[in-house]
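Work through the following exercises with the sequence and the model open side by side. Each one sets a task and then gives a solution in steps.

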Amino acid sequence: MNNLTLLQKLCDTYGISGDEACIREIILNEITPFVTSVNIDNLGNIIAFKKGKKKGKTKLMLSAHMDEVGFIVTYINKDGMLKFEAVGGINSDVACGKRVVIGKNKIPGVIGLKPVHLLNAEERQKNIPIKDLYIDIAAASKDEALKYISPGDCVYFRANYKFENNMIKSKAIDNRVGCFVLINLIKQDLPFDMYFVFSVQEEIGLRGAKVAAYEVNPDAAIVVEATTAADIKGTSDEKQVCKIGGGAVIAFMDKNTIYDRNYYNFALELAKKNDIKVQIKSLVSGGNDSGAIHMSRSGIKTIAVSLPCRYLHSACGMICIDDLWAVQKLVQQLSSKICSA
Amino acid sequence: MMVSDLLFRLCDTLSGAGNEEKIANLIKKEIQNFSKEIIIDKNKNVICHLNNTNAKKHILIEAHIDQISMVITAVDDNGFLNISSCGGVDCRVLPGSTVLICGKKIITGIVCTTPPHLIEKKDKDFEKTENLIIDTGISGEKLKNIVSVGDYVYFDAKPEKLLDNKITAPGLDNRAGVAVLIRCAQMLKAEKIDCSVTLLFSAQEEINSLGAKTAIFDLDPTEAIAVDVSFAKQPNNLEERCSDLSHGPMIGIAPSLSRSISNKITKLAEQNNIPYQLEIMSSLTGTTADSLTVSKGGIPCGLLSVPLRYMHSPVEVIDCNDIEFTAKLLCMYILTGGIDYE
């Protein structure tokens, strides 16, 4: 379970929404020897089934999305500069001055700005919308750029995984940590039969989870996800949502979902009983695949177990390794509990 | 010597203004094969004599060695740091960036940013550098044992090759200029030089050009050329203020510069088919040349600049060919004896 090399591999792999082939390949290689059956659906979701010691009373699906946020090349200027748009919710300010890699061949590029020397005082602080930014691959012309890039190529924040002082700092922690937790669970002997979904296109509107939930048709679902920790200097306590180092995050509701109250209570009880650190989300904010899953067919009882992560949807997030193990333990306990209930 | 390899070594060495020890030592090492007389002075200037004759003419070639950086101004109990800029850092590139914090050891920090999920106003403006916060993820005493106020902070980005011979790295301002001088020294090694030539790698340009001002006072050359970087064209930039990347060195023309020097350099470029561009400025140049010119009783001074995109950001871009051409042009200027006094 403590195999952080796998987590690094998952985080360093490039795969934005609609472009999950590479990350899917890695996950498939990891899980295939350990599952009873595995399927790739029409949208690219991985749907795996693993037999446990027995069939549970409740048919459970565990889900984690495998896509990350990034950008897509929309147009190439005559001077060889690439225009782009965001895939998923990215504030333009975190795109400024960043290194990116583009397309299948991972061509390096930079998102540069007008030199600060040539700006007036107002411009120096003024927001720059993504439509005014461009990516420079140092092509001398449009023709040269076209040798390396095509419109529609995906753009990724550059891989930057680091593990220092109990903290992991990387792009794509959202949601490769969820994938990591599910892979670890699959590699163990399970007490009950369970379904596992590695979903696509979460960042553009929970699209993969919606069809996967329909296909699996479970009674219950657990979503494993990274969630916003805003516990930074200058943010008041009640607005911090959750804290890194504070343990697994459980919410009673977010912007899309009112979670099943029984499962919510199970999670808190199990955490207490097994000495797993948990915290309750202190702000109704954000959302995850639960939003699509709990409304599938005639409704699916759903709960999310989340990992607090600072700087979500930027070039570098930060999580505490202790929280990761807390999430892993809680998901393990909660999945058995739900199956047997 | 491959210019790109040299640049990678130079850009991998972090040295902000007032903290030039590492880069000064590296430059000394890089240039030791081309000169017998190299000293690092009390201000961390590297001074290198190529041909210390008693010739009347003494040409000084200068490039600053410091880079844009930040300094820590406060360390709190929860792992957060406040910073101030040391040189004109472009604060717009900082949110969500990683930075290297050079305390007792080097640790990675992330510049705090609020994710879109929690922001009501989407198009929020940038904070000033002084209002930004760096998250180290290390708390309490443990952090205070590593980091102190006054420690330097740098953009976290390794040099990387782009297409052709182009490179992106932080600190290309002015490691590009440093590379020009080192290449020039290498080219001159086998040549016979009639005048006295000194290479000055100067400290603290990004603050107040302390290094250039003090060193030229002692060196007392008869003429000087500063080598720096300047604006290359990019979308949305003022076309008339910029040159083209990959189109050769920019020869400075300004009321504050010596027209004899710029004319001579232009002539040499024409005669030797070296691509060049003119950079016309209406008063001062914003480089060390402004200080060199008014040293002592006045020193005629020229300016050569390597075109660079996205100045003072972590993703500065240059073309190595421009560096090579700049070095060649300087080399010819020296071999033809500097200013032509007609």
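**Exercise 1.** Determine whether B:Asp340 is buried, partly exposed or exposed, and describe the salt bridge that its side chain makes.

*Solution.* Begin with the accessibility classes, in which buried means under 20% relative accessible area, exposed means over 50%, and partly exposed lies in between (1.4 Å probe, protein chains only). B:Asp340 has a relative accessibility of 30% and therefore counts as partly exposed. Its partner B:Lys264, at 5%, counts as buried. Next comes the bond: a salt bridge is a side-chain nitrogen of Lys or Arg within 4 Å of a carboxyl oxygen of Asp or Glu, and the side chains of B:Lys264 and B:Asp340 meet in one at 3.3 Å, N to O. Finally, place the two residues: B:Lys264 belongs to helix α6 (residues 259–271) of chain B while B:Asp340 is in the segment after α8 (320–335), so the pair ties together parts that are 76 residues apart in sequence. Helices (H or I, at least four residues) and strands (E, at least two) are DSSP runs, numbered from the N terminus.

Before going on, note that this is a predicted model, in which local features need pLDDT of at least 70 and side-chain atom pairs count only at pLDDT 80 or more, whereas totals for chains, interfaces and linings use all residues. Residues are numbered from 1 along each chain as its sequence is written, chains are lettered from A and ligands numbered from 1 in the order in which they are written, and side-chain values use heavy atoms, with hydrogens and water left out.

**Exercise 2.** Characterise the salt bridge between B:Asp220 and B:Lys296, and then examine the one between A:Lys169 and A:Glu164.

*Solution.* In the chain B pair, the closest N and O atoms of B:Asp220 and B:Lys296 are 3.7 Å apart. The pair links distant parts of the chain, B:Asp220 being in the loop between α5 (210–219) and β13 (223–231) and B:Lys296 in the loop between α7 (289–293) and β16 (301–308), 76 residues apart. B:Asp220 is partly exposed at a relative accessible area of 41%, and B:Lys296 is partly exposed at 45%. In the chain A pair, A:Lys169 and A:Glu164 meet at 3.0 Å, N to O, and both of these residues are buried. Over all chains, the structure holds 24 salt bridges.

**Exercise 3.** Explain how the buried residue A:Asp260 is placed with respect to charged and polar partners.

*Solution.* First locate A:Asp260, which is found in the loop between β13 (248–250) and α7 (261–273) of chain A. Then look for an opposite charge, with Lys and Arg counted as positive, Asp and Glu as negative, and His and the chain ends not counted. A:Asp260 has no salt bridge, and the nearest side chain of opposite charge, that of A:Lys301, is 4.4 Å away. Its side chain does reach the backbone nitrogen of A:Asn262 at 3.1 Å.

**Exercise 4.** Describe the surroundings of A:Thr257, a residue of the loop between β13 and α7 of chain A.

*Solution.* A:Thr257 is buried, because its relative accessible area is 1%. Contact means heavy atoms within 4.5 Å, and, leaving aside neighbours within four places in sequence, A:Thr257 is in contact with A:Phe252, A:Ser290, A:Gly291 and A:His294. A polar atom of the A:Thr257 side chain lies 3.2 Å from the backbone nitrogen of A:Gly291.

**Exercise 5.** Summarise the interface between chain B and chain A, starting from the area that they bury.

*Solution.* Buried area is the accessible area (1.4 Å probe) that two parts lose on being put together, summed over both. Chain B and chain A bury about 5,400 Å² between them, 57% of it on carbon and sulfur atoms. B:Arg92, B:Phe126 and B:Leu163 supply 14% of the area that chain B buries against chain A, more than any other three residues. The contact takes 64 residues from chain B and 62 residues from chain A. Between the two chains there are 5 salt bridges, and the side chains of B:Asp135 and A:Arg310 meet in a salt bridge of 2.6 Å, N to O.

Definitions and conventions: Polar contact = N/O pair within 3.5 Å; in protein donor to acceptor, adjacent residues only side chain to side chain.
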